[in-house]
Amino acid sequence: MNCINHPTVAAVAQCADCSKGLCPDCANTYKLILCTPCYNQRKKADIINNTYRLVLYIVLFIVGYRLNFMASKGSPDTYILSGYIIMAILSGYVFVNNIIRWKMLVGTGVMWMIYYLFKLFLYAFVGFFTAPFTIGWTIFKLIRAIRK
Ligand SMILES: [Zn+2]
Ligand SMILES: [Zn+2]
């Protein structure tokens, strides 16, 4: 097999995505062993995924802001806090599922309800502290994907 970019040069590696042959020069073009079309494909997917996630954070914040569900008689003006908590649930979800990969497999209906409620609270709780980092990380990844 020869390099797809240099038909006279023998391939020493294969593109991780499409398995086309790459010569030493082409195999070292990017951090991962990828041909240019596959690299661009991954870059595009990275940009789309991170943009989508950022939009989702913003939408969730707006939903929480408008619901203002944390409001009580003593403190009726909790728009930003409400928005932040809803947004934090997604952050917590991303954070927890990247670190702990536990799943309940069997259970009765009530157990499932408790399980999901517990998870929701766990996400909200974890997300409350991690939201600035996970959102910052998403922005960082988006910028990196656009610039590379
Ligand atoms: Zn490829
Ligand atoms: Zn080549």
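In the predicted model, the zinc ion (ligand 1) is held by four protein donors: C15 (SG), C18 (SG), C35 (SG) and C38 (SG). These donors lie 2.2 to 2.3 Å from the zinc ion (ligand 1). Their spacing along the sequence is C-x2-C-x16-C-x2-C. The 4 donor atoms subtend angles of 102 to 117° at the zinc ion (ligand 1). The arrangement is therefore tetrahedral, since all angles fall between 85 and 135 degrees. Two of the donor residues can be set side by side for accessibility. C15 is buried, with a relative accessible area of 3%. C18 has a relative accessible area of 29%. That value is not under 20% and not over 50%, so C18 counts as partly exposed.

The zinc ion (ligand 2) is bound by C3 (SG), H6 (ND1), C23 (SG) and C26 (SG). Distances from these donors to the zinc ion (ligand 2) run from 2.0 to 2.3 Å. The donor spacing along the chain reads C-x2-H-x16-C-x2-C. C3 and C26 link distant parts of the chain, 23 residues apart. C3 sits in the segment before β1 (13-14), whereas C26 belongs to helix α1 (residues 24-27). Around the zinc ion (ligand 2), the 4 donor atoms subtend angles of 104 to 115°. This arrangement is tetrahedral because the angles stay between 85 and 135 degrees. C3 has a relative accessible area of 3%, and C26 has one of 8%. Both values are under 20%, so C3 and C26 are classed as buried.

Away from the zinc sites, a further feature concerns the surface. V55, V59, V63, L67, F69, M70, L81, F125, F128 and F129 make a nonpolar surface patch of about 910 Å². Two elements, α2 (36-67) and α4 (109-147), each give two or more residues to this patch. Helix α2 provides the largest share, 4 residues. One of the patch residues, L81, is found in helix α3 (residues 79-99). L81 has a relative accessible area of 35%. This value is over 30%, the accessibility cut-off for patch residues, so L81 meets that condition. L81 is nevertheless partly exposed rather than exposed, because 35% is not over 50%.

Conventions:
Residues numbered from 1 in each chain as written. Chains lettered and ligands numbered in written order. Predicted model: local features only at pLDDT ≥ 70, side-chain atom pairs only at ≥ 80, totals over all residues. Heavy atoms only, no water. Patch = residues over 30% accessible without salt bridge, like charges linked within 9 Å, V, L, I, M, F, W, Y side chains within 5 Å. Areas by Shrake-Rupley, 256 points an atom, 1.4 Å probe, with all protein chains shown as cover. Salt bridge = Lys/Arg side-chain N within 4 Å of Asp/Glu carboxyl O. Buried < 20%, exposed > 50% of the residue type's maximum accessible area, 1.4 Å probe, protein only. Donors = N, O, S within 2.8 Å, 3.2 Å for Na, K, Ca; no water. Tetrahedral: all angles 85-135°; square planar, octahedral: opposite > 155°, others 65-115°.
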